[in-house]
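The following exercises concern a structure of more than one chain. Please work through each task before reading its solution.

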Amino acid sequence: MIRISDYHKTFNAGTLNEVYALRGINLRIQEGEFLTIIGTNGSGKSTLLNAIAGTFQPDRGTIAIGGKDMAGKADFQRARFISRVFQNPFMGTAPDMTIAENIHLAFMRGKPRHLIPGLTRERRDLYREEVRMLEMQLEDRLGNTIGTLSGGQRQALTLLMAVMNEPKVLLLDEHTAALDPKSAAQVVALTERFVARYGLTTVMITHSMQQALALGTRTILMHKGQVIEEIAGKDKSLLTTTDLLDRFADLRKQEKLTAEMIEEMRREYL
Amino acid sequence: MELWVGALNLGFLYAFVAFGIYITFRIHDFPDITVDGTFTTGAAVTSVLVVAGTHPLLAVLASFVACMAAGSITALINTRLNVNSLLAGILVMTGLYSINLHIMGRSNIPLLNTSEFFTLLNRANPGLPHEPWTAICLTLIMAASWLAVSFFFKTDLGLSMRASGNNPIMARAAGINVDRVKIFGVALANGLVGISGSLVAQYQGFADIGMGIGTVVTGLASVIIGESILKKHSIYAWIASAVIGSVIFRFMIAIALYAGMDPVDLKLLTAIFVLVTLIVTAKIAKGAGKVKRKHLVTAMAAAAIIFGIFAGVKYGNLTAFIPQKKVKIGIFQVSDNPILNITRDAFLDEMKRLGYVEGKNATFLVENANGDIATVNAIVDKFLRDKVDILVPISTACTQAASRKVKDRPVVFATVANPFVIEVGKTDTDHLPNVTGVYGAVPMDRTMEIVTKILPGPIKIGAIWDPSQANSEVNVNSLKKALQNYPDVTFVGGNVSNSSEVYQVAASLVQRDIDAFVLPTDNIVYSAFDSVVKASRNRKVPIIFNDVDHPEGGALVVFGYTYVTSGKQAANLVDRILKGEKPASIPFERYREIVLGINLKVAEELGLAIPRELLEKATVIIDESGTRQKSGGTSSREGTPLPAKRLALFQFTDNVILDICAEGVLDGLKKSGVLDRQNIAIDHKMAHGDFPTAQSIAQEMVSKNYDYIVTVSTVSLQVTVNHNKKIPHVFAAVTDPLKAGVAKSFTDHPANLTGLATPQPVESTVRLMRKVFPKARVIGMIWNPAEVNSEICTVITREAAKKYGFKVVEVQITGTQEIDQALQSVLGDKPDIFFTSGDTTVSSVIPSLAQKLRQKRIPYVTNTPADIDSGAFICLGADYYDVGLKTADIAIRIINGEKPAAMPIVSYVPEQLTLNLSLAKEFGITIPDDLIRKAARVVK
Ligand SMILES: Nc1ncnc2c1ncn2[C@@H]1O[C@H](COP(=O)(O)OP(=O)(O)O)[C@@H](O)[C@H]1O
Ligand SMILES: [Mg+2]
């Protein structure tokens with residue numbers, strides 16, 4: 001479904017702030033696959049997601065989605081078949097607009113927007129049913145602005161808005177990191193349900209080792225703009241976090257990781 | 001009324017600006033300055049089309065489209081070229097200035113005689129006055145626009161616009177091309193602003209290149225005001241708040257103008273207001289929505305307080321609105337008699353009218369000595385102990401006591417017959433430094449004139465007074481003096497010392513066969529007047545008295561001052577002193593209103609006939625049945641009460657020529673004496689170059705019902721003509737009233753309008769150049785095409801130059817900052833003479849320009865005689881002071897009753913030549929002797 005070949009990206013090239021963020025990524029993701037990404041801070045995880053979404057164009061390398069080369073396609077054009085949910089619950093919705101208006105905006109993704117009031121009563125009823133599925137008691141508050149909702153409610157709504165049009169690819173960037181544990185669990189459960197129901201090809205960055213191992217079919221480890229390790233197969237869900245740390249020790253022997261990096265991973269993920 | 005309805009209408013018209021600002025600032029967070037340019041573009045496109053005969057609605061549509069195009073360019077520069085939004089706006093706005101000039105072809109297009117939108121509306125008018133009808137129509141249009149704009153934001157397109165502004169990341173994720181939506185939004189905003197420009201031009205009757213300045217700030221102020229007032233639960237409320245904000249903003253301006261604030265300060269206050277609000281909103285931008293509203297209200301309040309304090313400090317007449325130190329005023333009178341009571345009550349009423357409210361900003365201590373001189377002094381002492389700020393003695397005795405004891409604070413006296421005998425002053429202007437006031441004694445010579453008209457032939461008159469009162473002595477002496485001119489009138493006097501003696505004395509005088517009582521002002525006689533009446537009735541002796549407030553009291557004739565005037569005038573003096581004037585510089589005032597009242601009922605009882613001549617002069621007549629009639633009689637000379645009238649002198653902007661012209665008008669009016677004779681006050685109004693302000697001033701003049709209007713400058717003429725169809729209006733300092741669109745020809749003009757056209761004597765000047773510089777070939781000029789006047793002059797210069805064999809080298813500029821460069825360019829063509837005519841931009845830098853030309857040894861010729869002092873070589877021009885005087889003459893003719901309709905517009909160019917011989921010597925140029933002789937002034 002997604003094929004990334006020799007992808008390089010440098011920010012602020014030629015300036016003091018130059019960052020070589022992605023250093024030759026090669027990655028294939030099958031249709032319906034659920035990939036999780038882990039890695040230290042600043043290793044390029046979000047940048048990789050942005051690359052897929054088309055926030056910027058590469059310095060070198062290509063991305064193809066569903067067999068089509070994405071070169072030159074801007075993010076709003078790819079949005080027709082790629083949906084995203086960000087870490088910050090404020091980012092996925094328009095706070096001064098109502099719940100119904102937000103959902104309608106997501107529904108209109110990829111369709112032409114005309115000078116007609118598309119948010120009709122029938123549509124509103126439809127959206128109410130969708131929102132009911134979130135089990136967040138939002139179905140009676142369609143006319144309220146997003147600004148009045150909690151972070152968990154917003155994130156659940158963002159997730160709904162991301163999947164309701166059955167995109168080809170769903171990109172999740174630490175989308176539960178900013179939530180309290182209870183909301184986070186709710187959103188994770190919703191994520192599993194939606195991915196399963198629509199059979200979505202999903203890439204999820206996570207800050208939790210448990211999530212990385214429990215969810216999805218394959219996990220990759222990123223470091224300094226590169227993919228340095230991959231854990232896949234049937235036994236993935238059987239691994240424990242200690243097993244994982246052992247794998248890191250191996251990597252150290254191969255000199256792909258330094259001791260400090262391992263220490264940092266331990267701190268961030270355990 | 002017109003002022004308030006006008007403010008409502010302007011608020012509606014500017015509401016489209018508020019819509020635009022709402023879209024850019026609030027939805028897209030895009031501070032777009034382009035609107036300052038597109039507002040004018042809207043006006044420009046519409047005016048050109050409407051003049052060409054296009055349907056006004058089509059013209060509005062065209063303006064909308066043109067301004068959308070302009071707005072989209074700003075947004076394209078911002079999104080595609082990544083130029084900061086402010087800078088992009090400034091770039092396009094600057095460019096639009098030239099484009100607008102090109103569209104219009106000149107800087108000002110009048111729309112007065114064309115069929116514009118509001119004329120069209122008026123055709124459907126069922127007979128209402130113009131402004132209210134416009135208000136009704138605009139209310140409907142506004143309601144429709146409100147629904148339309150709100151509906152737009154409910155459509156899919158509108159939703160995506162709101163999302164793009166509210167959360168661009170989310171919008172992009174939802175597949176919205178945020179850049180494109182932003183371009184569309186900014187374009188739409190500018191289109192709406194263009195509609196505003198278009199409608200305002202049609203409403204005010206002209207388009208002008210400068211009318212867009214400040215649009216962004218006023219629009220923002222409107223949006224902010226609206227937001228802080230209306231709760232925004234829905235998009236409908238949001239949009240409504242923009243309309244309401246716009247209307248309130250215009251009302252605020254109208255109120256400020258109405259309160260007499262100088263419009264020049266409005267800009268500053270608007271800017272401060274917007275700034276404060278922006279700072280506060282920026283600070284709480286991270287906060288939740290609810291907090292925002294609260295802070296907006298705080299910001300509003302803060303701005304309002306700044307506004308209030310500023311206005312209060314600068315303008316005393318706003319003092320009533322703000323808390324301040326209370327002034328303490330001590331008022332006291334010598335006894336409880338009617339004249340003094342009337343004075344006191346009138347004083348207190350007038351103070352209240354002037355905004356001094358007991359307990360709020362003023363404390364009035366009112367005392368009465370009840371006839372005891374010792375008490376008078378005690379009252380003064382008490383006032384000093386109570387630390388009063390001003391003493392107001394009513395009556396001569398009180399004034400005497402106060403002026404003797406009080407030296408360190410102001411004393412304003414009222415109802416004193418003659419302040420000079422009690423030595424508070426030598427003349428009206430030379431008086432004790434802390435004392436001023438109002439005085440006047442009934443003119444006894446004129447009283448005698450009336451008496452002898454009713455009772456011709458040898459008569460004996462009787463008078464009663466209290467010799468212990470200085471005041472009464474003064475009055476009796478003045479009567480005796482008047483009698484020197486009437487040899488066949490015999491005088492008998494009787495003295496009293498208290499009111500119980502009056503009857504006896506009066507009866508004794510009647511006994512001595514007097515033919516009439518002629519009673520000078522005396523407090524005791526006043527309070528016991530009924531006794532005199534009773535004593536006189538047996539023998540049918542007529543009484544001539546001066547208590548004009550009670551003409552039905554039994555006297556045959558009352559002649560004198562109404563003491564209401566005394567109190568009123570004193571209150572106004574107190575007001576002036578509280579506002580900072582020094583009593584030393586305020587001359588004593590005489591009473592302004594004199595009254596002649598005749599009681600025909602008494603005349604009938606006495607069997608006397610009143611000469612018709614007197615009846616005609618009378619201001620009050622009590623008829624045979626004893627009821628008061630208002631007489632139609634007006635008196636010819638000073639003294640008789642004339643209703644106060646007001647003349648507005650309306651100047652558009654501050655520049656030398658207009659200032660001089662206004663000065664001429666003022667001097668001409670003052671010197672003629674017509675102001676005093678007709679009791680006319682002049683209000684000098686100034687718009688400081690701001691168009692909406694000019695607009696409001698015109699509405700204000702109409703709504704306050706001024707009696708006469710004089711305008712100085714073309715814009716003030718145009719704006720006024722558009723609003724005023726009734727008040728007689730004289731214009732001045734206008735080069736070409738026909739081009740300004742206010743008249744079809746010099747004889748075919750609105751019935752209430754006439755004035756002076758003063759073209760620059762350009763052709764004469766060019767002829768003069770030929771005479772002085774026989775060999776010269778090239779004339780250099782710098783001028784600003786945004787000025788109508790300048791353009792007309794330049795065109796005439798070109799033609800005249802051709803005729804006299806010159807070549808003209810011109811460079812156009814848009815502001816003084818470009819003059820240096822323009823000069824370099826002109827000098828490149830080696831001009832022999834440099835010429836400036838009718839251009840106010842260049843005029844403002846003549847001294848430095850003349851200096852530079854002198855270094856190049858190029859003679860500088862202008863059309864303003866005064867420029868000779870700034871280093872010009874020859875000036876031939878209209879003497880604008882003279883123009884002002886001539887304008888005053890026309891105004892005086894109208895004040896004296898001539899009708900403007902019958903007075904053709906006059907073309908008047910009082911040519912005045914000035915020469916600089918020292919420069920001539922320096923350049924080695926000889927100037928013909930006949931010119932030197934002709935010159936009004938020569939610099940040697
Ligand atoms: N738009 C950008 N401009 C400049 N630097 C960026 C940009 N996006 C990411 N970076 C830099 O690239 C590196 C990788 O960032 P990111 O992908 O966000 O890391 P993470 O793995 O924590 O998500 C960081 O050093 C970050 O500062
Ligand atoms: Mg990240």
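A residue is called buried under 20% relative accessible area, exposed over 50% and partly exposed in between, with a 1.4 Å probe and protein chains only. The model is predicted, so local features need pLDDT of at least 70 and side-chain atom pairs count only at pLDDT 80 or more, while totals for chains, interfaces and linings use all residues. Residues are numbered from 1 along each chain as its sequence is written, chains are lettered from A and ligands numbered from 1 in the order in which they are written, and side-chain values use heavy atoms, with hydrogens and water left out.

**Exercise 1. Classify both partners of selected salt bridges in chain B.**

A salt bridge is a side-chain nitrogen of Lys or Arg within 4 Å of a carboxyl oxygen of Asp or Glu.

Step 1. Asp408(B) and Arg409(B) form such a pair, at 3.1 Å from N to O. Arg409(B), at 18% relative accessibility, counts as buried, whereas Asp408(B), at 59%, is exposed.

Step 2. Arg344(B) and Asp345(B) are joined at 3.2 Å, N to O. Here Arg344(B) is buried at 17%, and Asp345(B) is partly exposed at 37%.

Step 3. In the salt bridge of Arg937(B) with Asp869(B), the closest N and O atoms are 2.8 Å apart. This pair links distant parts of the chain, 68 residues apart: Arg937(B) belongs to strand E29 (residues 937-939), and Asp869(B) to the loop between E25 and E26 of chain B. Strands (E, at least two residues) and helices (H or I, at least four) are DSSP runs, numbered from the N terminus. Arg937(B) is partly exposed at 36%; Asp869(B) is exposed at 51%.

**Exercise 2. Describe the contact between chain A and chain B.**

Step 1. With contact meaning heavy atoms within 4.5 Å, 26 residues from chain A and 20 residues from chain B take part.

Step 2. Buried area is the accessible area (1.4 Å probe) that two parts lose on being put together, summed over both. The two chains bury about 2,100 Å² between them, with 63% of it on carbon and sulfur atoms. Of the area that chain A buries against chain B, 28% is supplied by Phe76(A), Arg113(A) and Leu115(A), more than by any other three residues.

Step 3. There are 2 salt bridges between chain A and chain B, including that of Arg162(B) with Glu101(A), at 3.1 Å from N to O. Two elements, helix H2 (75-78) and helix H3 (99-107) of chain A, give two or more residues to the side of chain A that touches chain B. H3(A) gives the most, with 4 residues.

**Exercise 3. Place strand E26 of chain B among its partners.**

Step 1. Strand E26 (residues 874-878) is mostly covered, with 5 of its 5 residues buried.

Step 2. Two strands pair if DSSP finds at least two bridges between them. E26(B) pairs with strand E25 (residues 860-862) of chain B in the parallel sense over 2 bridges, and Val861(B) stands opposite Ile874(B).

Step 3. E26(B) also runs antiparallel to strand E28 (residues 911-916) of chain B, to which 5 bridges join it. The bridge partner of Cys875(B) in E28(B) is Thr914(B).

**Exercise 4. Which strands stand at the edges of the open sheet in chain A?**

Step 1. The order of the 4 strands is E2-E1-E4-E5, with antiparallel pairing.

Step 2. Strand E2 (19-29) and strand E5 (68-69) of chain A are at the edges; each has a single partner strand, so one side of each lacks a neighbour in the sheet.
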